[in-house]
Amino acid sequence: MQTELRSNLDSVRGKIREAALRAGRSDEIKLVAVSKTHPASTMREAQAAGLAVFGENKVQEAEGKIAEIGRENIEWHLIGHLQSNKARKAVELFDVIQSLDSLDLATRLERICIEEDRPAISVYAQIDLAGESAKSGIQEKDLPALTSYLRVCRRVKFDGLMVLPPLFDDAEKARPFFRRLREIRDELKSQGFFQNGTGELSMGMSHDFEIAIEEGATVVRVGSAIFGARGRTEEMRSEK
Ligand SMILES: *Cc1c(COP(=O)(O)O)cnc(C)c1O
């Protein structure tokens, strides 16, 4: 098992390098290892193999693993929809919340940071580019209201954007979504956002991260290509 994880990881890293090369990029691309459904023991193996950034989609599941593994030398990213009643717990546990999807949630996070004396939390706005109401993510038309609030936040740090395109058999079909996210990032940058960084673009999963990198991804979220396939029943179990 251990060697399998290592060889998977080598392969993913190789593909990241090659895609970056194809795109003529030499900037850093952050690999978020999506560890949802996998036990802490597997994550320890992943740590031993050099992974230090983990993505979880459920607050409760992450809480148990963080209790076992800790937060030292690890960056924990929340990549799933955050229910408002779990926002306080999320502020306590995560370094980055990639799934900021409403003005209401941003307001809540800012207030909780003040109440809990947390100086800063990093967030990415998750945009629903497919306009699928069933999915989480903010609609593009609602983005300006969110970003003008983020501009005046003191604790919530607006560091980037995230997209989860519909699942296509042909990964190429995700390319326009990645391209659009990049355009929105560039537009926000021209409006003066992301002054202290690049404006992260979190896009690309196991089946399409190479395409996302060609389109400018600075953060890729890779689960099954590293850890192997997740069980279908595990996948269906949802907190929502
Ligand atoms: C599960 C998940 C991933 C990783 O998916 P894989 O196909 O296993 O790489 C990435 N992003 C989000 C938001 C997810 O929920």
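**Entry 1: the ligand**

I looked up which residues surround the ligand, and I found Val 34, Lys 36, Ile 79, Met 205, Ser 206, Arg 221, Val 222, Gly 223, Ser 224 and Arg 230. I note here that the model is predicted. Sorted by class, this shell holds four nonpolar, three polar and three charged residues.

Next I looked at the polar atoms around the ligand. Ser 206 has a polar side-chain atom 2.5 Å from an oxygen atom of the ligand. For Gly 223 I noted a polar backbone atom at 2.8 Å from a ligand oxygen. Ser 224 also places a polar backbone atom 2.8 Å from an oxygen atom of the ligand. I then checked how much of the ligand is covered: on its own the ligand has 390 Å² of accessible area, and the protein covers 91% of that.

**Entry 2: Ser 35**

I placed Ser 35 in the loop between strand 1 (30-34) and helix 2 (40-48). Is Ser 35 buried or exposed? Its relative accessible area is 0%, so I wrote down Ser 35 as buried. I also asked which side chain Ser 35 contacts. The side chains of Ser 35 and Glu 56 are joined by a polar contact of 2.7 Å.

**Entry 3: aromatic pairs**

I searched the whole structure for aromatic pairs and got five. One of them is Phe 54 with Trp 76, a tilted pair with 5.9 Å from centre to centre and 40 degrees between the planes. Which parts of the chain does this pair tie together? Phe 54 belongs to strand 2 (residues 53-56) and Trp 76 to strand 3 (residues 75-78), so the pair links parts that are 22 residues apart in sequence. I looked up the accessibility of both residues. Phe 54 is buried at a relative accessible area of 0%, and Trp 76 is buried with a value of 0%.

I then turned to Phe 193 and Phe 194. Their ring centres are 6.3 Å apart and the planes meet at 50 degrees, so I recorded the pair as tilted. The cut-offs explain the label, because tilted covers the planes that are neither under 30 degrees nor over 60 degrees apart. Phe 193 has 6% relative accessibility and counts as buried. Phe 194 has 7% and also counts as buried. Phe 158 joins Phe 193 and Phe 194 in one aromatic cluster. I also found Arg 151 over the face of Phe 193, at 4.2 Å from the ring centre.

**Entry 4: positive phi angles**

Phe 194 came up again in the backbone angles. This residue is not a glycine, yet it has a positive phi of about 60 degrees. I located Phe 194 in the loop between helix 7 (175-190) and strand 7 (200-202).

Asn 73 is not a glycine either, and I noted a positive phi of about 60 degrees there. Where is Asn 73? I found Asn 73 in the loop between helix 3 (59-69) and strand 3. At 69% relative accessibility, Asn 73 counts as exposed.

**Entry 5: Gln 83**

My last look-up was Gln 83, which sits in the loop between strand 3 and helix 4 (87-93). Gln 83 has 24% relative accessibility, so I listed it as partly exposed. I also checked Gln 83 against Lys 58, which is 25 residues away along the chain. The C-alpha atoms of Gln 83 and Lys 58 are separated by 9.7 Å.

Note on methods:
Residues are numbered from 1 along each chain as its sequence is written. This is a predicted model: local features need pLDDT of at least 70, side-chain atom pairs count only at pLDDT 80 or more; totals for chains, interfaces and linings use all residues. Side-chain values use heavy atoms; hydrogens and water are left out. Rings of Phe, Tyr and Trp (its six-membered ring) pair if their centres lie within 6.5 Å; planes under 30 degrees apart count as stacked, over 60 as edge-to-face and the rest as tilted. Helices (H or I, at least four residues) and strands (E, at least two) are DSSP runs, numbered from the N terminus. Buried means under 20% relative accessible area, exposed over 50%, partly exposed in between (1.4 Å probe, protein chains only). A charge sits over a ring if NZ of Lys or CZ of Arg is within 6 Å of the ring centre and within 35 degrees of the ring normal. A residue is near a molecule or strand if one of its heavy atoms lies within 4 Å of it. A polar contact is a pair of N or O atoms within 3.5 Å; within protein, one must be able to donate a hydrogen and the other to accept it, and residues adjacent in sequence count only if both atoms are side-chain atoms. Accessible areas come from the Shrake-Rupley method with a 1.4 Å probe; for residues, only the protein chains shown count as cover. Ala, Val, Leu, Ile, Met, Phe, Trp, Tyr, Cys and Pro count as nonpolar, Asp, Glu, Lys and Arg as charged, and the others, Gly among them, as polar.
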